[in-house]
Protein chains: 2
Amino acid sequence: MQSINEVEQWNVFEAAFEAHTDGNPFTDVSVRATFRNGDTEVEVEGFYDGSDVYRIRFMPESSGIWRYETRSSHIALDGQTGSFLATQPTGNNRGPVRVHDTCDFAYADSSRYVELGTTCYAWIHQNEALREATLRTLSASPFNKVRMCVFPKWYPYNRVEPSLYPFEGEPPQMWDFSRFNTEFFQHLDRCVLELRDRGVQADIILFHPYDEEEWVVEKRSRGPHWGFDRMGPEIDDRYVRYMVARYAAYRNVWWSLANEWDFVKAKSEADWNRIGRLVSESDPHNHLISIHNGFRIFDHSQPWVTHVSLQSDRAWEARDHRERYRKPVIYDECCYEGTIEHGWGNITAETMTSHFWTSMVGGAYCGHGETYYDPTEELWWSKGGVLRGQSAERIAFLGQIMDRAPRGAQPLGQYGGWGIEGEYYLIYLGNRQPVRHFVGLPQDVEFHGDLIDTWNMTIESIPGKLSGNVELHLPGRPYMALRISRAKQ
Amino acid sequence: MQSINEVEQWNVFEAAFEAHTDGNPFTDVSVRATFRNGDTEVEVEGFYDGSDVYRIRFMPESSGIWRYETRSSHIALDGQTGSFLATQPTGNNRGPVRVHDTCDFAYADSSRYVELGTTCYAWIHQNEALREATLRTLSASPFNKVRMCVFPKWYPYNRVEPSLYPFEGEPPQMWDFSRFNTEFFQHLDRCVLELRDRGVQADIILFHPYDEEEWVVEKRSRGPHWGFDRMGPEIDDRYVRYMVARYAAYRNVWWSLANEWDFVKAKSEADWNRIGRLVSESDPHNHLISIHNGFRIFDHSQPWVTHVSLQSDRAWEARDHRERYRKPVIYDECCYEGTIEHGWGNITAETMTSHFWTSMVGGAYCGHGETYYDPTEELWWSKGGVLRGQSAERIAFLGQIMDRAPRGAQPLGQYGGWGIEGEYYLIYLGNRQPVRHFVGLPQDVEFHGDLIDTWNMTIESIPGKLSGNVELHLPGRPYMALRISRAKQ
C-alpha cells in the first residue's frame, strides 16, 4: 500500500519546493500548479517564501484524491507532481463563507453563517502579549469576523512603528517594493490561522489610507509616512497577486479591497475596479470580495463585488441597499462604541447594540468596534486587546436569537419587521418607547409571543396564544423587540 | 378737548357697523377700510360677524393718530370714518414676530424671539375644562408658539365631534359653505387672544388632511368625515380671506397653510401656491407664512413662504436648509415624546430634548409635542391638557441658555457648534459620549468654559481660563454641551 497525505476538505494543502535564482525570486520566477480531482480542475499560483523555498497552497473544495502538477519558468519547479487525499471536514470546519440566497451568507457546507463582525485593524502589528490578548478576547466574544489590515496603520492612537513590514528595506520609506518581507507574511499566516481556529473570518483589508503624516504647513500637504498607500499600479497588482497566492487557500479569508476607498488619494475608481477584477480572477477559491467606503459609497453593482460593505450609521436603509444591489449588506462600520474625541468613535453601547438590531431586522449585518479612550492608546478598534464596553454581550444575545430564527427569514415590508410570513416575526422597536404595538397575524393560526428586552437581555413569554389582529403591551421603555412564532402543534 | 379712542400699538383696533341684507351677508356684502397715519396707508378687509354686525380689525404698526374710512357695496357700511390714537406698547406687547437677520426671528420692537414651539392641534375644539387646563399648562411651560388647527380633527385619538363647527349646517356633512358659523370664530378669537395674553404665538393651520373616515373596504376608499379638506378652490379662498380679515390684526398670529400639505389629497402644489399668494397679498400686517410637510418637503423658495416649516427628525440638516432657502428653519414636527403605537408618537424625552439642541446649534428652531398613551385619549399633542413628559423642563433650560447667548450667533462650520467666532461658542455633543473634546480658540483672548449637562440641567464652570488649542474633559456620558464665552476684562 502506498501511503498518501491526508488533508481535510477546506483545510490548506501546501507543497513546498526548493529552487535558487541569482535574480529576484519574487519577480523572476513564477510557479503554478493544476489540481485535479475527477473532472474538477483548479489552477493555483504559487509564491516565494524566502530561503529558496516556493510554496503552493490549495484548498480542496471536494473530498477524494487530488493530484497536481506544477509549471514554472524555473526548471527545479517545473513538472513537479503529487497527490493527497481530501478527507471529510471535522470540528468547526464548515468551509468558506459564501453568498447564500441572494442577500444572506452560508458556509460551504450550507450551514448558517450570521455575520457578527468587529474591527481590530492593526492587531497583527502589535506585540505578542497584546496579540494574544486579542485572540483571548475574540474567543470569548460573539464575533465571527474581524476586519484587519495588511499594511500597518499611521493614524491617531496608532503612531507606532511595527516590528515587521511587508516589504524589504528600511523604514519608514526606503522600501524595495520588488521584494516581499517573507517574515512579515509568515507572521500574517499565523494570524489568519489563529482566527480560523477560533471560527473567525479574517476580512483582510488589502489597502487603506492611514499612511499619512500630520499636515505639514510649510509643505502645504500631508506627506506619506511609509507610502504603502501610493505604490502605483504595478506594485499594487504584484502585491495583490502575492496576497491571493498566499492566502486564498485559507477558508476563513474574505477580501476587503479597502477601508475607506475614497480616502485613498492615489487610487481612482478605475484602479479599484482593476484590483477587484484581479482578485476575483486570480482567486481560485472565490472568496468574498467587498470594498468599504469613507464618504462615497462604491458602485457595488460591479460584478466582482460579492457583498455590500458599508460605512454608515443609517442601518434603517438596509432594505434599500438589498433591493438596489441584490447582494448581502454588511454595515461594516457604523461608528464605534467608545469615548474618544472623534465623532466616529464615541457612540454609546445602546446605540451600537441598536445598530446591530436595526441591521439584522432590515435583512443586513453589522460590524462592531470599540474606542474607549485609554491613555495607553490600546483601543480594541485598531490594536485589539480587551473589550471595555457593554455592547459585545448584547450582540452575543442577539446572535443567540438569530441562531434560533428560522432560515430564510427576510425583511417583511416597511413596518413588518423581519421573518417569514405566517411563521415567524421579529419586530425591533429601537429607541422608541411605545406601550403598545399592533400586529396583524393570520386568523386561523396560533402564535406564541415573546417580549425581548434587547438591552437587559431578557426574554419574557407573552401569556396565551396570539391570532389575528392583536394588541401587544410593552413597558414603555426603549430597546424592546417582539418575537412571534407559530405555536407548535 | 375731543376724546379719542386709544389702542396700544400692535394691539387690535376694532370698528363695528350694523347693516342688514336680505341676501347672504358673507357673500353679498363686502366692506373694507383705509387706515392712515401720516404717509402710511393700510388697506384692510372687514368681515361679517353675525347679527347684522360687520367688523373691521386693524393692528396699528406705528404710534400716533390713525384715521380710517370705509368703502362698501352696502350703503350703511360705506363712507364711515373714525380715528384712534395708537399709544406706546406696554407689558409683554412686543409686536408680531418677523424674520430677522435672514435665518432668525425677532419681535417687531426688535427684541429677541427664540422659538420654542409645541403642538395642540385640536385644543380649540375641546371642552372648556380641558381648554383651561391647556392654557394653564402653557403658562407654566417654556413654549412660546402653538401649532393649532382651525378645522376639527378626525384621526386616531381624535374621534370626537366638537361642539362648534366653522360653517353653518348639520354635522357631519350637510354644510352651507357659503355661511361661516360666527359663534365658532368668536370662540377662535378668544383662543387666539388667550394665547396672546400669555405671550404665545398662534401658528394657525388653515388646512389639514385629518378629515377622513377609516378605510372602507366595500368602497375601496376613505370617505370624508366632514369634508373640510376637499371644499374646492372657491370655498377655500373665501375661507382664507375670512381668516385673514378676522385674524390678521392679532399680533401673535402666524399662518401655517397646512399640516402635512402633501397628505391633503384634494389639493395640488398649484393650489397651495395660490393659497399662499392669497394669504400673502391679503394680509395687511404681513404675518409669517409657512407650510408643513408630510413626506414631501414643499418648495420653500416660493416668495410667499417666510420660513421653512419642516416635519423631519433629521435636525442635523438644519444648515443645509438654511443655506438652500436663506430663511429661518423650524423643525415644527420631529416626532412626539410619548408612548403610543405610532412611530411619529413614541420618541423618548432624551431624543426630543436632543432634537431641540441639535436644531438650535444648527441655527434652526424646533417644535415639541407629547403623545403619552392615556385611555382618556387626552394627548397633549392634539387636545392639550397636561404635560406628562420630561422634555418640556429641559427645553425650558435650553431656552434660558439661548436667552443668555449673544444675538447674532450662527452655526460655525461643520464641527464648530454655534456662536460668534472669537466671542461665544456653544457645542452640543448629542447622544455621543466623548471624554474629551478639542477646541481651537484664538491665542490672545481668554475664555471661560462651562460644561452643560443638557439632561440633568446642570452648568458646571470649567476651572481656569481657556486660550488657543484646548483639550476639554467630559464625563463620558451622552447629552453634554460645552459653552465657551470670552472672559470679561
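**How two copies meet**

Guide: Welcome! In this predicted model, 100% of the interface residues of chain A are also interface residues in chain B, so the copies meet through the same surface.

Visitor: Thanks! Which turn and shift lay chain A on chain B?

Guide: A turn of 180° with a shift of 0.0 Å along the axis does it, and the RMSD is 0.0 Å. That is the relation of a two-fold axis.

Visitor: How many residues of each chain are in contact with the other?

Guide: Residues count as in contact if their C-beta atoms lie within 7 Å. Here, 19 residues of chain A are in contact with 19 residues of chain B. On the side of chain A that touches chain B, the largest share, three residues, comes from strand 26 (residues 436-440). Sorted by class, that side of chain A has nine polar, seven nonpolar and three charged residues.

Visitor: Now to a single chain. How many helices and strands are there in chain A?

Guide: Chain A has 30 strands and eight helices.

Visitor: And what does the radius of gyration of chain A agree with?

Guide: For 489 residues, a compact globule would have a radius of gyration near 23 Å, and the 24 Å of chain A agrees with that. Along the principal axes, the C-alpha atoms of chain A fill a box of roughly 80 × 70 × 40 Å.

Visitor: What share of chain A is buried?

Guide: A residue is called buried if 20 or more other C-beta atoms lie within 10 Å of its own. In chain A, buried residues make up 45% of the 489.

Visitor: And what share of the contacts joins residues 24 or more positions apart?

Guide: Among contacts in chain A with a separation of 6 or more, such pairs account for 66%.

Note on methods: Residues numbered from 1 in each chain as written. Chains lettered and ligands numbered in written order. Predicted model: local features only at pLDDT ≥ 70, side-chain atom pairs only at ≥ 80, totals over all residues. Least-squares fit on C-alpha atoms with pLDDT ≥ 70 in both. Contact = placed C-beta atoms within 7 Å. Helix = DSSP H or I, 4+ residues; strand = E, 2+ residues; numbered from the N terminus. Nonpolar A, V, L, I, M, F, W, Y, C, P; charged D, E, K, R; others polar. Rg over C-alpha atoms; globule rule 2.2 N^0.38 Å. Buried ≥ 20, exposed ≤ 12 C-beta atoms within 10 Å, placed from the backbone.
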